[in-house]
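Biologist: I would like to go through this model and ask why its parts are described as they are. Please set each value against its cut-off.

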Amino acid sequence: RALVVSLFFKAYLAISLKLSKSGITSSDAVPSQERSGADIFHTPVLKSAQLFERVCSDQPTCDPIGRPQVHAAALKQATGEAIYTDDIPRMDGEVYLAFVLSTKPRAKITKLDASAALAMEGVHQFFCYKDLTEHENEVGPVFHDEHVFAAGEVHCYGQIVGAIAADNKALAQRAARLVKVEYEELSPVIVTIEQAIEHKSYFPDYPRFVTKGNVEEALAQADHTFEGTCRMGGQEHFYLETHAALAVPRDSDELELFCSTQHPSEVQKLVAHVTALPAHRVVCRAKRLGGGFGGKESRGISVALPVALAAYRMGRPVRCMLDRDEDMLITGTRHPFLFKYKVGFTKEGLVTACDIECYNNAGWSMDLSFSVLERAMYHFENCYRIPNVRVGGWVCKTNLPSNTAFRGFGGPQGMYAGEHIIRDVARIVGRDVVDVMRLNFYKTGDYTHYHQQLEHFPIERCLEDCLKQSRYDEKRQEIARFNRENRWRKRGLAVVPTKYGIAFGVMHLNQAGSLINIYGDGSVLLSHGGVEIGQGLNTKMIQCAARALGIPPELIHISETATDKVPNTSPTAASVGSDLNGMAVLDACEKLNKRLAPIKEALPGGTWKEWINKAYFDRVSLSATGFYAMPGIGYHPETNPNARTYSYFTNGVGVTVVGIDCLTGDHQVLSTDIVMDIGSSLNPAIDIGQIEGAF
């Protein structure tokens, strides 16, 4: 009702202005500060500039590191020639798999009848939990607490109950709708974090606590204390390519999978588990993904496992690519979080203590929620030093599709709490928020609440650069003037610093492998454990190999990521893809350089092709594997107290101006300035693209 009245008033203002312009009514019929209420937002002409470090030009020409090189597949992607999973041509005898989904958030399945669907011409088979043993049906990325097909009970709306294999997509989906599922509803149905707290619906072993200093004492001695809460909702990944998989049986006991996944090794491992095949008979390949953002790190199994099972049982190729509505229904989102905090601080606004509770909404299964919560607990203080901390974490079990990894992996949710706290403090002591930020920033040498020393912490420089670049003080005055002069239009300015720890939270994932094959004509085929999701990882790996081998990037090609080239890979996630795989590529290149060194000495004036040719005739191996394990990490208070939790931190500051229409709630981002410290960039063009895209 409020919106309708606002729109009516907006129209009234617009008509009044038109009447006064054409001289029908007096020119001051609408007061000047009311006039902008008639406007609507228009997309402005976009202007942007990107600044980055230039590498000195006296370096040899074929060293591409640090130069803004074009994404290796940019032209193919822009013209639509790039091949994604579902673009693979149809095969002989191929069938399509469609899912039967739960229509209840929590219920017992009392009847499952596919006879009407199976009676249709072109429908081949129906799969459900009865086609697997109890052990085979239990899957999950870490804890096997999920099911390929719901077994007797459904835990969320959109859970996969069964699958229909038919001649084509339309037929399979029509048949899936004919499968009769009857339910007996169960209660309680828990959806929100508040409901989970009320019913004490937590996963076992929670809450967990991280402490530093003496919180009670510091809160008691503080000049001011404040208690508050803040919350952050979920978010849909909305990758352009939905989840897709194609499974092809090769022989009676081999499976080849083409899968849109950030973690081919995980898919291989769980397909082997579900089909009871050893892993060496299952190959998972991923050429490129149409976006992932974490949504394809562990959730790819919901499509890949039923597809692989059907292909293995039927002995024919099986394909499935989810429609957008299915994808949004079946797969989880970013984790919603609720934070409750009590903070103590001085009259000047220096924070001395914080007691904070973090609750995340995991959905119905654990997935990676424990790790997301840990990262949120480790990032809640953002860039601010708090000497006395107690942070508690709860993983809430609810009747929602299992929430999963999503760009930042709990970090943004944690930092969001920290930014709320710093703004509360600034408001109460009556100081400008930027001054309170500066007062509380970590300095180089400080320790975090998880006992990691900050060896180099340039946040103040990022802030100063960003304030200068964005003309912060000038903009504040402009905005104050604008807000005085306009009643129905307002503008606001936000400054947000960030600190993000680089490493997987789980120790064993911080490793990578590579394989380099050099052919007789001097061309190089490179394989590594990372997946090209559109983020330019392959481009960076080609740059690394080109520098290490001293050859032009044009001689190097990456075909795909496959479990038969590099085994036991980690997921491409956590912002460590280029760190881990780049070092593994370097390791393989060094081995090859060592083998080629005597030949280069013997033929000092030779070309790359001549050296390779000579090496082949001298029977020197031109294939090498590389490996890298991230050193110095894996902190544990009892077993490994001297290690670090994160390899290092990246820092950034963003300053953004937004406009809001107070009548309709419509809003627009008017300008943004970002300064990021990411060390020496491997490829500034790609890194800037990633930063802008992430923002």
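Modeller: What follows takes the helix pairs, then the sheets, then the record. The model is predicted.

Biologist: Why is helix α8 called oblique to helix α9?

Modeller: The axes of α8 (residues 264-275) and α9 (residues 301-314) cross at roughly 45 degrees. Angles under 35 degrees count as roughly parallel, and 65 to 115 as roughly perpendicular. The crossing falls in neither range, so α8 is oblique to α9. The axes come within 10 Å, and the crossing is right-handed.

Biologist: Which residues make that contact?

Modeller: From α8 they are V267, L270, V271, V274 and T275. From α9 they are I301, A304, L305, A308, L309 and Y312.

Biologist: How many nonpolar, polar and charged residues does the contact of α8 with α9 have?

Modeller: There are 10 nonpolar residues, one polar and no charged.

Biologist: What makes helix α17 roughly perpendicular to helix α18?

Modeller: The axes of α17 (residues 577-602) and α18 (residues 608-617) cross at roughly 110 degrees. The range for roughly perpendicular is 65 to 115. The angle lies inside that range, so α17 is roughly perpendicular to α18. These axes also come within 10 Å, and α17 passes α18 in a right-handed crossing.

Biologist: Which residues in α17 and α18 meet?

Modeller: L596, I599 and K600 in α17 meet W608, W611, I612, K614 and A615 in α18. By class, the contact of α17 with α18 has six nonpolar, no polar and two charged residues.

Biologist: Now the sheets. What makes β18 and β25 edge strands?

Modeller: Their sheet is open, with three strands in the order β18-β24-β25 and antiparallel pairing. Both β18 (489-502) and β25 (667-677) pair on one side only. Neighbouring strands in this sheet are turned by 15 degrees against each other on average, direction ignored.

Biologist: How do you know that β24 pairs with β25?

Modeller: Pairing needs at least two bridges. Strand β24 (residues 648-661) is joined to β25 by 10 bridges, and the two run antiparallel. The cut-off is therefore met. G652 stands opposite M676 in β25.

Biologist: Which helix lies across β18, β24 and β25?

Modeller: That is α15 (residues 472-485), which runs at about 145 degrees to β18.

Biologist: Why is one side of β21 and of β23 left without a neighbour in the sheet?

Modeller: This open sheet has four strands in the order β21-β20-β19-β23, and its pairing is mixed. β21 (556-557) and β23 (623-629) stand at the edges with a single partner strand each, so each has one side without a neighbour in the sheet.

Biologist: How do you know that β19 and β23 pair?

Modeller: Again, at least two bridges are needed. Strand β19 (residues 511-518) and β23 have seven bridges, in the antiparallel sense. They therefore count as paired. A512 stands opposite Y628 in β23. Elsewhere in the sheet, helix α16 (residues 537-549) lies across β20 (524-528) and β21, at about 125 degrees to β20.

Biologist: Where does the "signal peptide" label come from, and which residues have it?

Modeller: It comes from UniProt, in an unreviewed entry, and is placed at residues 1-22. In the model that stretch is 91% helix and 0% strand, with its end C-alpha atoms 32 Å apart.

Biologist: Which residues does the hammerhead domain annotation cover?

Modeller: The unreviewed UniProt entry gives "domain: Aldehyde oxidase/xanthine dehydrogenase a/b hammerhead" for residues 79-187. Over those residues the chain is 17% helix and 35% strand, and the end C-alpha atoms are 52 Å apart.

Technical notes:
Residues are numbered from 1 along each chain as its sequence is written. This is a predicted model: local features need pLDDT of at least 70, side-chain atom pairs count only at pLDDT 80 or more; totals for chains, interfaces and linings use all residues. Side-chain values use heavy atoms; hydrogens and water are left out. UniProt positions are given in the numbering used here, feature names are shortened, and annotations may be inferred rather than shown by experiment. Axes are lines fitted to C-alpha atoms, for helices over the stretch in contact, and angles run from 0 to 180 degrees between N-to-C directions. Angles under 35 degrees count as roughly parallel, over 145 as roughly antiparallel, 65 to 115 as roughly perpendicular and the rest as oblique. A crossing is left-handed if the near helix is turned anticlockwise from the far one by less than a right angle, and right-handed if clockwise. Contact means heavy atoms within 4.5 Å. Ala, Val, Leu, Ile, Met, Phe, Trp, Tyr, Cys and Pro count as nonpolar, Asp, Glu, Lys and Arg as charged, and the others, Gly among them, as polar.
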